[in-house]
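Here are some short exercises to work through with the model open beside you. Try each task before you read its solution.

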Amino acid sequence: MDKSKFTRRQFLQSGSVGAAALFLQSHLFPNLTVAEVAAALPEGRQGPGPSMRAADDDGLLALLEQPFDPQPVEIKAAFLGPRAENADWVEGLILEVYRDYVFWRRNFHPEDRAAIQPQDQNRQTHMEFVGRFKRELFTLLGELKSDIPFFSPRYIGHMTADVSLPALVGYLATMLYNPNNVSWEASPITTLIEIELGRELARMFGFGRTPQELAGTWGHITSGGTLANLESLWVAKAVKFLPIAVRQAAIDLGVRGLTAGVEKKKIEEMTAWELVNLLPSAALDLKEALIRTHLEQQTTLSKEEALSQVSDQVKKHDILSRGDHAFFSALTGKDALLPGILCAPQTMHYSWVKGPGAIGIGAAQVVPIPINSDYRMDLSRLRRELEKSLQERRPVIAVVGVAGTTEEGAVDPMHELVALRREFAGRGLGFSLHCDAAYGGYLAACFRSPRGDFRSQEEMQGEYGGWPATEVYKSYAALKDVDSITVDPHKLGFVPYPAGAIVFRDGRVKELVAQEASYALGGRTSQPHEVNIGKYILEGSKPGAAAAATFLSHRVVPLDQNGYGKVLGQTLRIARSFHDRLQQFARTIREEFVLQPLFLPDTNMLDYTFNLVGNDRLDLMNRFTQAIYQELSIDPASPVQTRRFIVSHTEFAYELYNPQVVGAFLEGKLGIRASYFVSAAELSRRRKTGTPGFDNAVIIFRSTMMNLFTLEKVRREKDYIDLFLESLPPLLRKARQTLA
């Protein structure tokens with residue numbers, strides 16, 4: 001509660017707005033300050049009861065002071081169920097949602113005459129339209145039956161599964177109202193909801209605990225992880241070159257004496273290289289120092305006027321306004337800079353190549369850092385690249401670590417990245433540090449107690465069947481020290497698409513990318529309480545339903561061990577059970593086939609592949625694996641029901657994966673000669689000479705164990721893993737026959 005400015009009693013005695021704000025902050029928006037909630041309420045907003053005046057304050061205070069004691073989530077009530085077992089009560093809930101919405105429409109100025117009269121509905125054209133509408137709807141429903149059964153435990157493929165009931169119903173309910181979260185006037189309620197859930201995610205990652213601490217963060221919903229990653233780069237680029245813009249703005253404003261860096265050197269005496277290697281927090285502090293100094297020197301200016309003048313001058317000179325060519329062309333002599341780079345692991349999502357090209361960094365400036373044998377970023381190779389950048393004086397815009405890689409579910413050593421950033425900053429090489437936790441971000445809930453404390457590794461391993469490993473535990477503990485995090489509610493949050501998210505530890509960054517539009521995002525008619533998310537993001541129109549679905553899901557399934565921790569803990573246990581049983585099954589078929597998991601999963605994703613006993617050729621192994629995959633994947637020519645199980649696959653390409661690591665796996669675990677794993681160019685040469693055995697990629701099966709019901713008994717005492725393993729021997733033998 002925001003007790004530093006207002007007490008509960010003061011708010012109750014202030015009237016209906018204060019009482020409403022206090023109630024909403026306590027019950028709906030606990031991560032916002034009371035002042036923020038009050039500012040967002042219109043003056044006429046009443047409290048939750050018929051009278052919330054001072055006469056009732058003692059009873060209300062008693063209500064608000066009641067401790068919140070959350071109970072562990074009931075998993076079998078949180079989802080519709082593989083066979084829609086919860087359909088009856090959910091149907092009633094959805095009908096209630098629709099009826100409530102109709103009631104709202106009918107009671108908005110009920111004195112208005114109905115626009116559609118019974119005689120209109122009885123017209124032939126009206127009835128024909130309704131008939132055509134129904135016919136086309138039923139056609140669509142029929143076509144959708146050929147879609148992918150993500151709800152079923154028989155689907156063990158990509159990073160998608162059934163959505164939770166709170167998220168589903170929350171989305172449907174809010175979709176009826178169709179709020180657009182780009183601006184406050186198009187979404188006054190869901191805007192506040194989106195800001196709250198950004199704070200919830202920030203709290204889960206350790207960026208703060210109290211409303212006051214969380215008010216200094218910034219997070220919001222995006223269309224997905226790709227756009228969240230792009231926004232993190234957009235902001236990192238702005239922060240990286242901000243000090244140069246501040247230096248020039250200070251000259252234009254006649255401000256001298258600003259200092260920066262460990263040595264507190266005057267910025268007019270610092271080179272561009274020194275300025276761009278300030279840490280993000282120091283760069284943002286420098287802009288604030290310019291505002292303070294300008295206000296002190298211009299005593300006739302109000303704070304708002306000083307802020308406006310500084311912001312205008314900084315924006316005039318920043319890289320996002322000027323563009324790369326004009327910005328870097330102005331840096332000559334000792335200020336000349338080489339193009340900046342981005343370092344990310346070889347296992348990075350493809351958006352880390354697409355994004356830099358979109359915002360002017362350049363795809364060619366992305367440096368893939370090789371992986372180690374655990375399929376995590378090799379820190380020795382990253383250190384080598386940073387040393388090279390320091391020697392060549394090449395700016396590093398950002399380093400990216402991944403928590404839950406797209407193809408393996410691996411978790412990079414974020415704690416070591418934090419330490420490495422600190423070390424190199426002390427040596428004059430600063431950069432932003434981002435964690436792409438689009439997939440693995442929600443696992444952070446497993447680490448949080450209901451009070452928000454970070455749990456012990458021993459306690460967690462006892463609950464989650466040995467998870468997390470020490471390196472994974474340390475990585476999640478270090479998330480509080482990174483600058484920004486991508487996390488997707490529409491992955492392990494079990495929320496409908498589109499719902500990605502980006503969270504920044506220092507909320508000041510949003511002002512560097514702010515853009516106004518008088519018709520929607522500010523202007524002279526704007527109100528003091530307006531909060532326009534669209535002012536600070538890449539997107540324009542965005543569905544408030546996505547924010548509401550995520551918000552309601554968080555309310556019913558909290559971001560702690562009793563909520564998402566219980567849900568995701570079940571998937572972690574399933575993944576480890578699947579890994580162990582794959583190994584057991586491999587022993588039963590070892591006379592004919594080789595089955596090998598890649599490694600014990602860092603998250604709930606498992607990679608594995610197959611080979612024929614006695615085969616040492618990579619090309620033959622890939623053909624064999626591909627034949628198996630054809631029996632376990634969607635066939636457009638056949639109904640989806642013909643597939644007993646559905647998996648996904650990936651390929652480890654020579655050019656994209658550390659050849660030494662992949663070669664060691666091939667030779668040590670699968671009996672394939674490592675020398676057969678070659679580059680595309682070498683493969684082309686080998687094929688021209690007719691030399692067999694070679695290939696430039698390894699086909700890998702990929703199973704994401706997101707379905708909560710995988711271990712349920714489905715046929716006598718057998719669960720879905722049992723059924724999957726039983727289905728493999730005939731498929732393996734059929735695939736072997738295709739090679740004859």
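**Exercise 1: Confidence**

Residues 1–15 keep a pLDDT (the predictor's confidence in each residue, from 0 to 100) under 50, and the model gives them 41 contacts (heavy atoms within 4.5 Å) beyond four places in sequence. This is a predicted model, where local features need pLDDT of at least 70, side-chain atom pairs count only at pLDDT 80 or more, and totals for chains, interfaces and linings use all residues. Residues are numbered from 1 along each chain as its sequence is written, and side-chain values use heavy atoms, leaving out hydrogens and water.

Task: Over residues 44–67, is the pLDDT below or above 50?

Solution. Step one: the pLDDT over residues 44–67 is below 50. Step two: where pLDDT is low, the predicted coordinates should not be read in detail. Step three: for the chain, the mean pLDDT is 91, with 90% of its residues at 70 or more.

**Exercise 2: The sheet**

Task: Which strands are the edge strands of the open sheet of seven strands?

Solution. Step one: write down the order, S2-S10-S9-S8-S7-S5-S6, with mixed pairing; strands are DSSP runs (E, at least two residues), numbered from the N terminus, and two of them pair if DSSP finds at least two bridges between them. Step two: S2 (218–222) and S6 (366–369) each pair on one side only, as the edge strands.

Task: How does strand S8 run against strand S9?

Solution. S8 (residues 432–437) and S9 (residues 484–487) run parallel, joined by four bridges. Ala-437 stands opposite Val-487 in S9.
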